[in-house]
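Could you walk me through this structure, one neighbourhood at a time? I would like to follow it in the viewer while reading.

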Amino acid sequence: MTPFVRVISLYAQILPCAWRASRTVLPVSTYPAARAFSTTVQRKSAAQSGRAPLDPPTGGKADAGTSLLGTKKHLPEFSLADKVVLVSGGARGLGLTQAEGLLEAGATVYALDRLPEPSPDFHTISARAEKDLGTSLHYRQTDVCDIPNLNKIIAEIADKHGRLDGLIAAAGIQQETPALEYTAEDANRMLSINVTGVFMTAQAAAKQMIRFGQGGSIVLIASMSGSIANRGLICPVYNASKAGVIQLARNLASEWGEYNIRVNTLSPGYIVTAMVEELFKQLPERREEWPKQNMLGRLSGPREYRGAGVFLLSDASSFMTGSDLRMDGGHAAW
């Protein structure tokens, strides 16, 4: 039987996005990943306990505009003013939406992606960041599977600013194929990007956070598929990779807590993106069935995860590490 396969670049966003075809491979445009960030506490010793964050910043870029989240009048613990944050897979899609939210909270953001050029929306958001938000959005091309270049770029960013505070690791691909038809090459490619690529991005960021001694916060984009088997979607390796990301975050959190680095995962439910809209043209029944599988009876949009990214990177979540924040409309809670 001819295997049917579709590989979809997710930027770690939508869980399974299943397409059926005769081994058609979609362009795996971007798979970066990275995570969020931290308090500005200087670590005194590895053995020190009771690490508590400093008071959230009360000055700087976030205070310049009263509309910014994290100003003196608006929950200062959410402020990312003067923070430097990486978003892998940030050239478009969910990653770019996350970057926009971080900018509005006051951060300086670097989007990492394998695309030669980011989407047109990227430039619109970048211009708004400088004109209206008093901060900046930058782009660096890199592939999470090119480990030497990944480390080089992240080190250069940290050197430029004398710090690195956060990472949102959003790289990933998706493939829907029956387990009996999966090839070793396909499985290895999936795991190398979705697990190893995420791991190496987090490692590169953590090295810089430790070097500057200010701690940080790392957010790995996982999926509700890391906790469940999606009904009607045949994605054995994808689901296993996202379960691996969730377990990876727990272990990194346990190792890096002594450096005041927090590591958590964000697990989205089904997200409607331009890519998914194309999927629905091929498989219209999924547009009808997917909303019925969660408690809210609808699908999510990328902007619904912006607040979660800011929360996980900021001092608003200063006592949260090794945890998975699942936002799936109640899909896995039935």
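Thr-142 is buried in this predicted model, because its relative accessible area is 4% and the cut-off for buried is under 20%. To find Thr-142, look at the loop between strand 6 and helix 3 (147-161). Setting aside neighbours within four places in sequence, the contacts of Thr-142 fall on either side of it in numbering: Leu-112, Asp-113 and Arg-114 come from earlier in the chain, and Asn-149, Leu-150 and Ile-153 from later.

Now move to Gln-141, which belongs to strand 6 (residues 137-141). Is Gln-141 buried, exposed or partly exposed? Its relative accessible area is 42%, so Gln-141 is partly exposed, since that class lies between 20% and 50%. Beyond its neighbours within four places in sequence, Gln-141 touches Asp-113, Arg-114, Leu-115 and Pro-116, and also Asn-149 and Ile-153. Several of these names should look familiar: Asp-113, Arg-114, Asn-149 and Ile-153 are among the contacts of Gln-141 and are also among those of Thr-142. With Arg-114 there is a polar detail to look for, as the side chain of Gln-141 reaches the backbone oxygen of Arg-114 at 3.2 Å. The C-alpha atoms of Gln-141 and Leu-112 are 5.8 Å apart, although 29 residues separate the two in sequence.

Another pair with a separation of 29 residues along the chain is Pro-120 and Ala-91, whose C-alpha atoms are 9.2 Å apart. Pro-120 sits in helix 2 (residues 120-133). Its relative accessibility is 65%, so Pro-120 counts as exposed, the cut-off being over 50%.

Ser-88 offers a contrast in setting. You will find Ser-88 in strand 4 (residues 84-88), and it counts as buried because its relative accessibility is 1%. What does the side chain of Ser-88 have 3.0 Å from one of its polar atoms? The partner is the backbone nitrogen of Ala-170.

Let us step back to the whole chain for a moment. It has 8 helices and 11 strands, and buried residues make up 58% of its 334 residues. Consider the contacts between residues at least 6 apart in sequence: 76% of them join residues at least 24 apart.

Two helix pairs are worth a careful look. Start with helix 4 (residues 184-212) and helix 5 (residues 236-256), whose axes are 10 Å apart and meet at an angle of about 20°. Helix 4 and helix 5 are therefore roughly parallel to each other, as angles under 35 degrees fall in that class. Helix 4 passes helix 5 in a right-handed crossing. On the helix 4 side, the contact includes Met-190, Leu-191, Val-195, Val-198 and Phe-199, while helix 5 brings, among others, Val-237, Tyr-238, Val-245, Leu-248, Leu-252 and Trp-256. By class, this contact of helix 4 with helix 5 has 14 nonpolar, 3 polar and 1 charged residues.

The second pair is helix 1 (residues 93-104) and helix 8 (residues 306-313), packed at an angle of about 55° with axes 8 Å apart. Helix 1 and helix 8 are therefore oblique to each other. Here too the crossing is right-handed, with helix 1 passing helix 8. Helix 1 contributes Thr-97, Gln-98, Glu-100, Gly-101, Leu-102 and Glu-104, which meet Arg-306, Gly-309, Val-310 and Leu-313 of helix 8. The residues of this contact divide into 3 nonpolar, 4 polar and 3 charged.

Finally, turn to the backbone of two loop residues. Asn-260 lies in the loop between helix 5 and strand 10 (261-268). Its phi is positive, about 60°, although Asn-260 is not a glycine. At 12% relative accessibility, Asn-260 counts as buried. Asp-82 lies in the loop between strand 3 (35-37) and strand 4, the strand that holds Ser-88. Asp-82 also has a positive phi without being glycine, with a value near 70°. Where Asn-260 is buried, Asp-82 is partly exposed, because its relative accessible area is 38%.

Notes: Residues numbered from 1 in each chain as written. Predicted model: local features only at pLDDT ≥ 70, side-chain atom pairs only at ≥ 80, totals over all residues. Heavy atoms only, no water. Helix = DSSP H or I, 4+ residues; strand = E, 2+ residues; numbered from the N terminus. Buried < 20%, exposed > 50% of the residue type's maximum accessible area, 1.4 Å probe, protein only. Polar contact = N/O pair within 3.5 Å; in protein donor to acceptor, adjacent residues only side chain to side chain. Axes fitted to C-alpha atoms, helices over the stretch in contact; angles between N-to-C directions. Parallel < 35°, antiparallel > 145°, perpendicular 65-115°, else oblique. Left-handed = near helix turned anticlockwise from the far one by under 90°. Contact = heavy atoms within 4.5 Å. Nonpolar A, V, L, I, M, F, W, Y, C, P; charged D, E, K, R; others polar.
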